[in-house]
Amino acid sequence: GTFLILPQLEQLVTDYCVELASRYKGESHLMYIIANEVSRYSSYHINDRTKTDAVNSSYRTEWFKRFTEFQQELGIVDKEPTGLKSTRSHHYAMFQAKNACEVFGRQIDALRAAGIMAPIGTTNGLGNVPMSVVPILARGDFVSWHAYGYIPDLPNPFYPNDIRDLRSIHDSVRCKNLPCILDEHANANEGAKLMLEGYSDGPQVAAEAGFD
């Protein structure tokens, strides 16, 4: 997800996407997905603004540059009692979504300019569904999601539950007027290389949950 912040890496990834996609732009049956499960990327808190260590310093500097511009757009400040609203936790999620949508938007524009007319999905999600992810998913031509039967501390989505089954995931990420697909799924424990009960039922369960 570093390319979502650093301009030189954004350009590198964009150029790679265009080069790769251009090899197949005559294939009418393809769909493209920009990036893989990168809807979450490293963030900071306003208390980190004064950090001076060299760890990820260029990333941190650019992050705060963009976040400060975002604050100015909203008319908010860090903590100062100047009559302006101060930064709250939901502002970080808003910024994460806004920034990612802008980066993906520039990449989509570059792909369209190169003649790529196939549907383009902006990202994949995996695990839980924080609301900061949904605007990013909605930035493309379709919503794409991944689901596996074993993620530590989360219930198996292939079995009905009150927290995280495929139906609740679908209802969380479905965006109006956009196809919603589950393009990676398996009832499996990848780490242990074990197929769980109902491994082969994935497509049926996904369809019954409402995925296209």
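Does D48 count as buried or exposed, and at what relative accessibility? In this predicted model, D48 counts as buried because its relative accessibility is 18%, a value that falls under the 20% cut-off for that class. D48 also takes part in a salt bridge with K51, in which the closest N and O atoms are 3.7 Å apart. The partner, K51, counts as partly exposed, since its relative accessibility is 41%, so this pair joins a buried residue to a partly exposed one.

The bridge between D48 and K51 can be set beside others, for a search of the whole structure finds eleven salt bridges. In helix α3, K98 and E102 lie four residues apart, which is about one turn of the helix, and the closest N and O atoms of their salt bridge are separated by 2.5 Å. Both ends of this pair are partly exposed, because the relative accessible area is 29% for K98 and 35% for E102. The pair does not stand alone, as E73 is linked with K98 and E102 in a network of salt bridges.

A further salt bridge is formed by R112 and D141, whose closest N and O atoms are 2.7 Å apart. This pair links distant parts of the chain, with R112 in helix α3 and D141 in the loop between α4 (134-137) and β6, 29 residues apart. R112 is partly exposed, given its relative accessible area of 25%, and D141 is likewise classed as partly exposed, with a value of 34%.

From these charged pairs the path leads to helix α2, which runs over residues 57-74. Its 18 residues reach 26 Å from the first C-alpha to the last, close to the 26 Å expected at 1.5 Å a residue. The buried residues of α2 are Y59, R60, E62, W63, F64, R66, F67, F70 and Q71, a list that includes aromatic side chains as well as charged ones. Among the elements that cover these buried residues are α1 (7-22), β2 (76-77) and α3 (89-113), and α3 is also the helix that holds K98 and E102. After α2 comes G75, a residue whose phi is positive, near 75 degrees.

Strand β6, made up of residues 143-148, contains S144. S144 counts as buried because its relative accessibility is 1%, and its side chain nevertheless has polar partners: a polar contact of 2.3 Å joins it to the side chain of N124, and another, of 2.5 Å, is made with the side chain of D183. When neighbours within four places in sequence are left aside, the residues in contact with S144 are I33, T123, N124, G125, L137, I181 and D183, so that both polar partners appear again within this set of contacts.

The last stop is V133, placed in the loop between β5 (124-125) and α4. V133 is buried, because its relative accessible area is 0%. Not counting residues up to four places away in sequence, V133 touches S39, R40 and W145. With respect to E102, the residue met above in the salt bridge with K98, the C-alpha atom of V133 lies 14 Å away, and the two residues are 31 residues apart along the chain.

Conventions: Residues are numbered from 1 along each chain as its sequence is written. This is a predicted model: local features need pLDDT of at least 70, side-chain atom pairs count only at pLDDT 80 or more; totals for chains, interfaces and linings use all residues. Side-chain values use heavy atoms; hydrogens and water are left out. Helices (H or I, at least four residues) and strands (E, at least two) are DSSP runs, numbered from the N terminus. The expected span of a helix is 1.5 Å times one less than its number of residues. Buried means under 20% relative accessible area, exposed over 50%, partly exposed in between (1.4 Å probe, protein chains only). Contact means heavy atoms within 4.5 Å. A polar contact is a pair of N or O atoms within 3.5 Å; within protein, one must be able to donate a hydrogen and the other to accept it, and residues adjacent in sequence count only if both atoms are side-chain atoms. A salt bridge is a side-chain nitrogen of Lys or Arg within 4 Å of a carboxyl oxygen of Asp or Glu.
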